[in-house]
Every structure is written in structure tokens, then in C-alpha cells.
Amino acid sequence: MKIFIAGLGTGNPNLITLEAINTAKISDVILFPCSKENKSKGVAEKILLNFVKPQKFFRIFFPMIKNSNERDKIIFNQIIEIKSEIENSSKIFFPVIGDSLLYSTGAYLIEAMRKIFPDVEVDFIPGISAHSLAAACAKKFLAMSDEILTVIPGTAEPEKILNALKSSDTVAIYKPKAVKDLKSIVKNVCSWKKIFRIDCAGIPDKEKIYEGYEALENINEYLSIIILWR
């Protein structure tokens, strides 16, 4: 059994790769991630259904909770429920938004799968990351020459966030909604040349763009990313 963790890009169906589409088409089962307990269609599923009509698929709920033990238990129990349906599959496809190797729910799925299927193999299909799309929308290179680019999760400890801001030329902040007093923290580090925030990057009818220090205020969207250029 092999499971493919595939990044579908940032939400724009035009940015999905051919490798992701072709691999999904030849997979026996597709496991779609969803963020709601009622297992309604998630963004990754909506994107992939533009290109693939799966014969067999299941939705896996990934709770957004800090308790990792509880999260892992919920995911594990869902895999147990469908074990008989997937145990004879040679190829399983799991699509995620953004890049498959950056803050990916695929890591949680693999952990659960290996507890049930110890010999499962894993392959990765990369996708366009949110910070790449945000930089493209800002029409500015992320980093050049000896500049340092840092990716920060907003859920990190405040001291780690501050230290990363101080030592970087360009910073991409994922989940900025989680950072308390973000504007004051950023302003106290230095005078940034360009600040750019994009909400729901690449998702039609939902994408919104903010520039300047106002981009650091009133962040209510979970799918937000901020890019700062020193």
C-alpha cells in the first residue's frame, strides 16, 4: 500500500499540478480532509472534483485543537472505521491545500495510518505554497542574493516569533490570527518596506488583499498569510 500526500496549491483550481491530477486518477481510494465534524466538503475536495471523479472516497475530519493526543485519537478512530474498505488498496490519494510538506495535515494522517498499516509507503507531490502566491500577488520577489526568508507559524511562542522577525529579511507568517498584538510586535522590530496580507489566497470569490500596516489589524480569517519585507 502506498499513500500519496498531494499539495493542490492555494485554492485556485488553475494552480493544481498535472502530477496531482494524474495520480488521483489512478488511485484506488481518495481520502478527503475536512475541517468540520459533519464532514462537509472541504476546499481540497472541491478543487480536485474539477478534474477527477473518484470511484471510492472517504472524508476524514481533522479537528483544529491544541490537544494533539485527542486530535490523533479522532483521526485514528476514523481510519479504523474504514479499514476494511481501504486495506486492499495499492494506491491511496490524500490531497491538501498548499504544499504537501509545509504545515500539512498529511503528517497526522500518516501517523494514524502507520499504526494500522505498519508497512504503508508514503510519497509526496508538492504544491504551490500560500507564501509563493502571496508574493506573486504583491508582485515582489520573496528573497534575493543573501537575504534570509523565514516562515513563521502564528501559533509559535511570542519570543520565537520576535527573534525570527529580528533576524530575517523577508518573513511569511502563517495563521497570523493567532498572534496577539501583531501590529505592535512588527512595528517594534523595524520599519518594514512592504507589508502584504492575503486572505483565502487563490480561492475564487473569497480572496482579499491588504497592504501596509493595516494588513496587521482585524485578522479574522483562518486562511490568512502575511509577508513582510525589510
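A residue counts as buried when its relative accessible area is under 20%, and Phe-32, with a relative accessible area of 0%, is therefore buried. The structure is a predicted model, and this briefing covers its open sheet of five strands, its three aromatic pairs and two places where an arginine lies over an aromatic ring.

**The sheet and the helix on it**

- The five strands of the open sheet follow the order S3-S2-S4-S1-S5, and their pairing is parallel.
- Strand S3 (57–61) and strand S5 (121–125) form the edges, each of them pairing on one side only, while the twist from one strand to the next averages 25°.
- Strand S1 (residues 2–7) runs parallel to S5 and is joined to it by five bridges, and Lys-2 stands opposite Glu-121 in S5.
- Helix H5 (residues 106–116) packs on the sheet, where it touches S1, strand S2 (29–34), strand S4 (91–96) and S5, and its direction makes about 170° with that of S1.

**Aromatic pairs**

- Among the three aromatic pairs is that of Phe-32 and Phe-57, which is edge-to-face, with 5.7 Å centre to centre and 65° between the planes.
- This pair links distant parts of the chain, since Phe-32 belongs to strand S2 and Phe-57 to strand S3, 25 residues apart.
- Whereas Phe-32 is buried, Phe-57 is partly exposed, with a relative accessible area of 35%.

**Arginines over rings**

- The charged end of Arg-71 sits over the ring of Tyr-108, at 3.7 Å from its centre.
- Arg-230 lies over the face of Trp-192, at 5.0 Å from the ring centre.

How values were computed: Residues numbered from 1 in each chain as written. Predicted model: local features only at pLDDT ≥ 70, side-chain atom pairs only at ≥ 80, totals over all residues. Heavy atoms only, no water. Pairing = 2+ DSSP bridges. Helix = DSSP H or I, 4+ residues; strand = E, 2+ residues; numbered from the N terminus. Axes fitted to C-alpha atoms, helices over the stretch in contact; angles between N-to-C directions. Contact = heavy atoms within 4.5 Å. Phe/Tyr/Trp six-rings, centres within 6.5 Å; stacked < 30°, edge-to-face > 60°. Buried < 20%, exposed > 50% of the residue type's maximum accessible area, 1.4 Å probe, protein only. Lys NZ or Arg CZ within 6 Å of the ring centre and 35° of its normal.
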